[in-house]
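Student: I am new to this structure and would like a close look at a single part of it, with its surroundings explained along the way. Could you take me through it?

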Amino acid sequence: MKVNGEHLELVSPMTIEVLILKKGYRQDRVAVELNGRIVPRSEYGVVLLSNSDSVEIVGFVGGG
Amino acid sequence: MTLPSKEELENSLSTRHSPKVHNAIKNAKIGIAGMGGLGSNIAMMLARAGVSSLVIADHDVVDISNINRQNYYLEQIGKAKTDASEELLKAVNPYIAIVKHCVKLDPSNIPGIFGGCDIVCEAFDVPSEKAMFINTMLEECPGIKIVAGSGMAGFGRSNEIRTEKLFADLYLCGDGIDMEEAEGGLMSPRVNICAGHMANTVIALLMKGDV
């Protein structure tokens, strides 16, 4: 699958929640798009990713 | 002196910016969530540029610690930021329509407050609140473009603040570096550079539909 434009080989099914942690993000500080569609936060622990998926994770930092 | 009439002000903007640009900017309704360092400065830039309809939201009051970067004055300390901003924006354009919401934004009230806007700026400072707002808008109000800020603390490195289109309806301005990691904390110049990116993105989206 593709994560933020980079190839990532998926060896076993993985939820978006696990991917977020694996990439070093905090779940309460991100927005996630899966194949061009926003993923509701309530589905992070439910949606299983496959190798044909394209995921974009955006992390937000403090200050404003 | 007598203040210029609405027509005089519009003619001045139209002459400066061209009628095509002025009309596109004037007819937009822009939302701003959070009236701190980013939001208060974005609002002023958009008012000067000729946006005639703003929806602003913040639950906080002006504090002495805000004056280093937020578009407020010492005499406004203690006032609701929404009221203080309205005063200043109306000093630049007395005919601007401002809908104020002095409330804490959460997923239950965000769609009702910002659902009618053309473009909404996310201008909070706490990262989890940024994520909450952006996710709520993208989930509940599809089709409204979001311009968000992330990373503008410290000094120098002006050119590291950039604008990127990340999702179909999400544009992110900043350098991606948390305020805890930047020496000097939040300071006016870089906060204004980021606010400038955000206001400029709003205008580009109104004109071209993209950046």
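Where is the place of B:Ser18 in chain B? I would like to start from there and then see the rest.

Tutor: Happy to help! Please keep in mind that this is a predicted model. B:Ser18 sits in the loop between α1 (6-17) and α2 (19-26) of chain B. Its backbone is worth a look: phi is positive, about 85°, although the residue is not a glycine. Most residues other than glycine have a negative phi. As for its surroundings, B:Ser18 counts as partly exposed because its relative accessibility is 28%.

Chain A offers a second case of this kind. A:Asn35 has a positive phi near 50° and is likewise not a glycine. A:Asn35 lies in the loop between β4 and β5 of chain A, and that loop belongs to a hairpin with two residues between the strands. With a relative accessibility of 42%, A:Asn35 counts as partly exposed.

Let us follow that hairpin into its sheet. Strands of a sheet pair through backbone hydrogen bonds, either parallel or antiparallel. In chain A, five strands form an open sheet in the order β2-β1-β7-β4-β5, with mixed pairing. Its edge strands are β2 (6-7) and β5 (37-38), each of which pairs on one side only. β4(A) and β5(A) run antiparallel and share two bridges, with A:Glu33 opposite A:Ile38. On its way to β7(A), β4(A) is joined by five bridges, again antiparallel; here A:Leu34 has A:Val55 as its bridge partner. The parallel part of the pairing includes β1 (residues 2-3) and β7 (residues 54-59) of chain A, joined by two bridges, where A:Lys2 stands opposite A:Ser54.

β4(A) is largely enclosed by the rest of the structure, because five of its five residues are buried. A:Val30, A:Val32 and A:Leu34 point one way from the strand, while A:Ala31 and A:Glu33 point the other way. Part of the surroundings comes from the other chain: helix α6 (residues 127-140) of chain B lies across β4 (30-34) and β5 of chain A, at about 30° to β4(A).

That brings us to the interface. Here 19 residues of chain A are in contact with 28 residues of chain B. The area buried between the two chains is about 1,900 Å², and carbon and sulfur atoms give 61% of it. One salt bridge is counted between the chains: B:Glu139 pairs with A:Arg41, their closest N and O atoms being 3.5 Å apart.

Now let us return to chain B, to its own sheet. This open sheet has seven strands in the order β3-β2-β1-β4-β5-β7-β6, with mixed pairing. At its edges stand β3 (97-101) and β6 (162-167), each with a single partner strand, so one side of each is left without a neighbour in the sheet. Neighbouring strands are turned by 20° against each other on average, direction ignored. Within the sheet, β1(B) and β4(B) run parallel and share four bridges, and B:Ile32 has B:Cys121 of β4(B) as its bridge partner. Helix α7(B) packs on this sheet, touching β1, β4, β5, β6 and β7 of chain B, and its direction makes about 165° with that of β5(B). Another helix, α4(B), lies across β2 and β3 of chain B and runs at about 170° to β3(B).

Some of these elements also meet in the largest nonpolar core, which has 39 residues; B:Ile32, B:Leu38, B:Ile42 and B:Leu54 have the most contacts inside it. Among the elements that give two or more residues to this core are β1 (29-33), α3 (37-49) and α7 (188-208) of chain B. α7(B) gives the most, with seven residues.

B:Leu38 shows how the pieces come together. Beyond its neighbours up to four places away in sequence, B:Leu38 touches residues including A:Gly64, B:Lys130, B:Gly149 and B:Met198. Looking from the other side, B:Gly149 lies in strand β5 (residues 145-149) of chain B and counts as buried because its relative accessibility is 0%. Its contacts, again leaving aside neighbours within four places in sequence, include B:Leu38, B:Glu122, B:Leu172 and B:Cys194.

Conventions
Residues are numbered from 1 along each chain as its sequence is written. Chains are lettered from A and ligands numbered from 1 in the order in which they are written. This is a predicted model: local features need pLDDT of at least 70, side-chain atom pairs count only at pLDDT 80 or more; totals for chains, interfaces and linings use all residues. Side-chain values use heavy atoms; hydrogens and water are left out. Two strands pair if DSSP finds at least two bridges between them. Contact means heavy atoms within 4.5 Å. Axes are lines fitted to C-alpha atoms, for helices over the stretch in contact, and angles run from 0 to 180 degrees between N-to-C directions. A nonpolar core is a set of buried Ala, Val, Leu, Ile, Met, Phe, Trp, Tyr and Cys residues joined through side-chain atoms within 4.5 Å. Buried means under 20% relative accessible area, exposed over 50%, partly exposed in between (1.4 Å probe, protein chains only). Buried area is the accessible area (1.4 Å probe) that two parts lose on being put together, summed over both. A salt bridge is a side-chain nitrogen of Lys or Arg within 4 Å of a carboxyl oxygen of Asp or Glu.
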